[in-house]
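Biologist: I've got the sequence and the model open side by side. Could you walk me through it?

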Amino acid sequence: MPNEKAQKPAAKSSTKPAEEPKGDRLQKILAQAGIASRRKAEEIILEGRVQVNGTTITELGTKHDAEKDHIRVDGKLLKGPEKQRYYMLNKPRGYVTTLNDPEKRPTVMQLMAQHKSGPHGDQVRLYPVGRLDYLSEGLLLMTNDGELANALSKAAAGVEKTYLVKVSGVPPASALDQIRRGIMIDRGRLDEVRSGRRDRIITAPAKLELVRGGDNPWYELTLTEGRNRQLRKMFEEIGHHVEKIRRIGYGALRLDVPPGEFRELTLGEVTALDRASKGKKVVPKKNLPEFAQLKAPAKKKPTGPPRRTFASKAKPTRRAV
């Protein structure tokens, strides 16, 4: 057989794989700087309003270094990330959980702006975590930490939210067990019909305990999800109207500020929220603060016949003549 020349191994390519750009996504940098929420920041980028080192960026997902790159929005240079702030607000009834309301109703942002320069003298842009509807009240988290806000809002995290709920009429035990196990409700608004039928979904199991009895009882109810008007829909499904809703717990937090007031969270409370957002167990304090409890019912005034009064037995004084 003829001698075959030994084949030389193919030379290794000298080209290195392109390194992934370091830094954070541009929309995240804008959100951390307080320009807008991350979703709104994406719209700003797509509109061509952002320049990085003199180049207009219109593509989402590009990574940049906020400390080294010159980033401008509408021509204004970014000053860097805001200091992260975390607050607990006691939302009163009659406020909407939005930044602006087309109907000109009062918003939770007006409560936070009572001190015009912010609680710490800084101009941080805060956003509510989750929602409470116009007629609901209680614990609302406000922060500029978009990552934590998104993590807490995901149903997969299973963060517990605890409410006090006043119901019209007394539901039977079998109906309350339905709520505990999970009950079928409308996913969207009550008047929405998709593909010729209502869009229905079953809720996750809930904790439910009677707090105060009577003709219109109060219940403490704990959920791990937060669908649109979920509490109201759950009780409507069993034939009972919800009169009042007050959120008293979020993760390990318990409501401890008066209506319309707010306070900054401690480092330990922020750490507990972060743990809850990752699905880790957190334990709230055993003793409920004043504003997380129901007030004692007002005593009814007596409605019987008026009490009789008797004339004094003292002798009348004589008139001077």
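Modeller: Sure, what follows is a run of short questions and answers on this predicted model.

Biologist: Let's start broad: how many helices and strands are there in the protein?

Modeller: Of the 321 residues, 37% are buried. Among contacts with a separation of 6 or more, 67% join residues 24 or more positions apart. As for secondary structure, the count is seven helices and 17 strands.

Biologist: Which side chain does Arg232 meet in a salt bridge, and what parts does the pair tie together?

Modeller: Arg232 is buried, at 7% relative accessible area, while its partner is partly exposed at 23%. The N to O distance in this salt bridge is 3.0 Å, and the partner is Asp133. Arg232 sits in helix α6 (residues 230-237) and Asp133 in the loop between β8 (127-129) and β9 (137-143), so the pair ties together parts 99 residues apart in sequence: α6 and the β8-β9 loop.

Biologist: Where do Asp177 and Arg180 lie, and how far apart are the N and O atoms of their salt bridge?

Modeller: Both residues are in helix α5 (residues 173-181), three residues apart, or about one turn of the helix. An α-helix has 3.6 residues a turn, so residues three or four places apart point the same way. Asp177 is partly exposed at 31%, and Arg180 is partly exposed too, at 32%. From N to O, their salt bridge spans 2.8 Å.

Biologist: Which residue pairs with Arg263 in a salt bridge?

Modeller: The closest N and O atoms of that salt bridge are 3.0 Å apart. The partner has a relative accessibility of 31%, which means partly exposed. Its name is Asp256.

Biologist: Which residues are linked in a network of salt bridges, and how many salt bridges are there by the count?

Modeller: The network links Asp24, Lys28 and Glu147. A salt bridge here needs a side-chain nitrogen of Lys or Arg within 4 Å of a carboxyl oxygen of Asp or Glu. By that rule, the count is 21.

Biologist: Now helix α7: are its buried residues on the same side or on opposite sides?

Modeller: In α7 (residues 267-277), the buried residues are Glu269, Val270, Ala272, Leu273, Ala276 and Ser277. They cover an arc of only 160° around the axis, so they are on the same side of α7.

Biologist: What covers those buried residues of α7?

Modeller: The buried ones include Val270 and Leu273. Among the elements that cover the buried residues of α7 are β7 (86-91), β9, α4 (146-153), β15 (242-250), β16 (253-254) and β17 (262-264).

Biologist: What class of residue makes up most of the lining of the largest cavity?

Modeller: The space in this cavity is about 60 Å³. Its lining includes Tyr86, Val129, Leu148 and Leu273, and β7, β9 and α4 each supply at least two of the lining residues. The split is no charged residues, one polar and ten nonpolar.

Biologist: And for the second largest pocket, which residues are the closest to its centre?

Modeller: About 390 Å³ of space lies in this pocket. By class, its lining has eight nonpolar, four polar and eight charged residues. Of the 20 lining residues, the closest to the centre are Glu160, Gly251, Arg254, Val282 and Pro284.

Biologist: Let's look at the backbone: what is the phi of Asn53?

Modeller: Asn53 sits in the loop between β2 (50-52) and β3 (55-57), and at 45% relative accessibility this residue is partly exposed. Most residues other than glycine have a negative phi. Asn53 is not a glycine, yet its phi is positive, at about 50°.

Biologist: Is Lys104 buried or exposed?

Modeller: Lys104 is in the loop between β7 and α3 (108-112). This is another residue that is not a glycine but has a positive phi, of about 65°. The cut-off for exposed is over 50% relative accessible area. Lys104 has 73%, so this residue is exposed.

Biologist: Last one: which residue with a positive phi follows α7?

Modeller: Helix α7 covers residues 267-277. The residue in question has a phi near 80°, and its name is Gly279.

Conventions. Residues are numbered from 1 along each chain as its sequence is written. This is a predicted model: local features need pLDDT of at least 70, side-chain atom pairs count only at pLDDT 80 or more; totals for chains, interfaces and linings use all residues. Side-chain values use heavy atoms; hydrogens and water are left out. Helices (H or I, at least four residues) and strands (E, at least two) are DSSP runs, numbered from the N terminus. Buried means under 20% relative accessible area, exposed over 50%, partly exposed in between (1.4 Å probe, protein chains only). On a 1 Å grid over the protein atoms alone, a cavity is a set of points where a 1.4 Å probe fits but cannot get out, and a pocket is an open set with protein on both sides within 12 Å along at least five of seven lines; lining residues have an atom within 4 Å of a point. Grid points are joined across faces, edges and corners, and a volume is the space filled by probe spheres set on the points. Ala, Val, Leu, Ile, Met, Phe, Trp, Tyr, Cys and Pro count as nonpolar, Asp, Glu, Lys and Arg as charged, and the others, Gly among them, as polar. The arc is that of the directions from the helix axis to the C-beta atoms. Contact means heavy atoms within 4.5 Å.
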